[in-house]
Amino acid sequence: MDNQLLMSEKTIFEKIIDREIPAELVYEDELIVAFKDVNPKAPVHILIIPRKAIPRVAEANEEDQQVLGRILCKAGEIADKAGVKESGFRLVINNGKDGGESVPHLHCHLLGGRPLEWPPG
Ligand code: 5GP
């Protein structure tokens with residue numbers, strides 16, 4: 001497989017990580033990146049993603065424990081910066097077709113800024 005083909009297989013989120021397309025970044029470290037969702041479903045809607053291209057949670061493995069832990073451990077800090085730590089927020093990871101996954105790069109939605117219904121539709 002040549003480089004062109006490999007490059008064309010990048011997901012939109014890999015392009016955001018590589019700064020090839022713009023996004024409003026709110027947090028980053030050596031393992032994860034967080035940025036505002038382009039089509040927000042709540043007043044605060046942030047996506048927290050691993051730098052590593054793990055397609056979805058069902059394909060994560062033992063060696064991904066640190067990065068997956070980082071996503072959860074940093075969620076409170078990211079929510080705090082976004083002003084929703086006290087009011088509350090929800091973390092969602094969609095997996096596969098029925099789960100509503102549309103971008104095949106694992107991402108955790110952080111939603112807040114309004115009361116969220118339960119269960120989701
Ligand atoms: P999923 O449906 O896969 O769980 O979530 C994908 C999310 O990515 C959606 O909420 C969608 O609005 C968001 N998204 C898709 N393309 C882009 C983009 O180019 N930039 C940003 N910031 N968010 C995106």
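These legends accompany a set of close-up views of a predicted model.

Local features here need pLDDT of at least 70 and side-chain atom pairs count only at pLDDT 80 or more, while totals for chains, interfaces and linings use all residues. Residues are numbered from 1 along each chain as its sequence is written, and side-chain values use heavy atoms, with hydrogens and water left out.

**View 1. The largest nonpolar core has 17 residues.** A nonpolar core is a set of buried Ala, Val, Leu, Ile, Met, Phe, Trp, Tyr and Cys residues joined through side-chain atoms within 4.5 Å. Buried means under 20% relative accessible area, exposed means over 50%, and partly exposed is in between (1.4 Å probe, protein chains only). Look for I32, A34, I46, I48, I71, I78 and L110, which have the most contacts inside this core. At least two core residues come from each of β2 (32–36), β3 (44–50), α3 (65–82) and β5 (108–112); helices (H or I, at least four residues) and strands (E, at least two) are DSSP runs, numbered from the N terminus. Helix α3 gives the most, with five residues. A second, separate core holds eight residues, including F13, I17, V33 and F35.

**View 2. I48 and the residues it touches.** Contact means heavy atoms within 4.5 Å. Not counting residues up to four places away in sequence, I48 touches I32, V33, A34, I71, A75, I78, H107, C108 and L110.

**View 3. Strands β1 and β2 form a hairpin.** Strand β1 (residues 25–28) runs antiparallel to β2, and three bridges join them; two strands pair if DSSP finds at least two bridges between them. To find the register, start at Y27, whose bridge partner in β2 is A34. Three residues make the connection from β1 to β2.

**View 4. R70 makes polar contacts with D29 and E30.** What is the relative accessible area of R70? The value is 18%, so R70 counts as buried. R70 is found in helix α3. Its side chain makes a polar contact of 2.9 Å with the side chain of D29 and another of 3.3 Å with that of E30. A polar contact is a pair of N or O atoms within 3.5 Å; within protein, one must be able to donate a hydrogen and the other to accept it, and residues adjacent in sequence count only if both atoms are side-chain atoms. Setting aside residues up to four places away in sequence, R70 touches D29, E30, L31 and I32.

**View 5. The ligand has 18 residues around it.** Residues count as near if one of their heavy atoms lies within 4 Å, and D37, N94, S102, H107 and H109 come nearest. A backbone N or O atom of K36 lies 2.9 Å from a nitrogen atom of the ligand. On the oxygen side, a backbone N or O atom of S102 lies 2.6 Å from an oxygen atom of the ligand, and a polar backbone atom of V103 is 3.1 Å from a ligand oxygen atom. The protein covers 83% of the 520 Å² of accessible area that the ligand has on its own; accessible areas come from the Shrake-Rupley method with a 1.4 Å probe, and for residues only the protein chains shown count as cover.

**View 6. Two loop residues, D64 and I93.** D64 lies in the loop between β3 and α3 and is buried, at 2% relative accessibility. Beyond its neighbours within four places in sequence, D64 is in contact with K52, I54 and E59. I93 sits in the loop between β4 (89–92) and α4 (96–99) and is partly exposed, at 38%. With neighbours within four places left aside, I93 is in contact with V57, H107 and C108.
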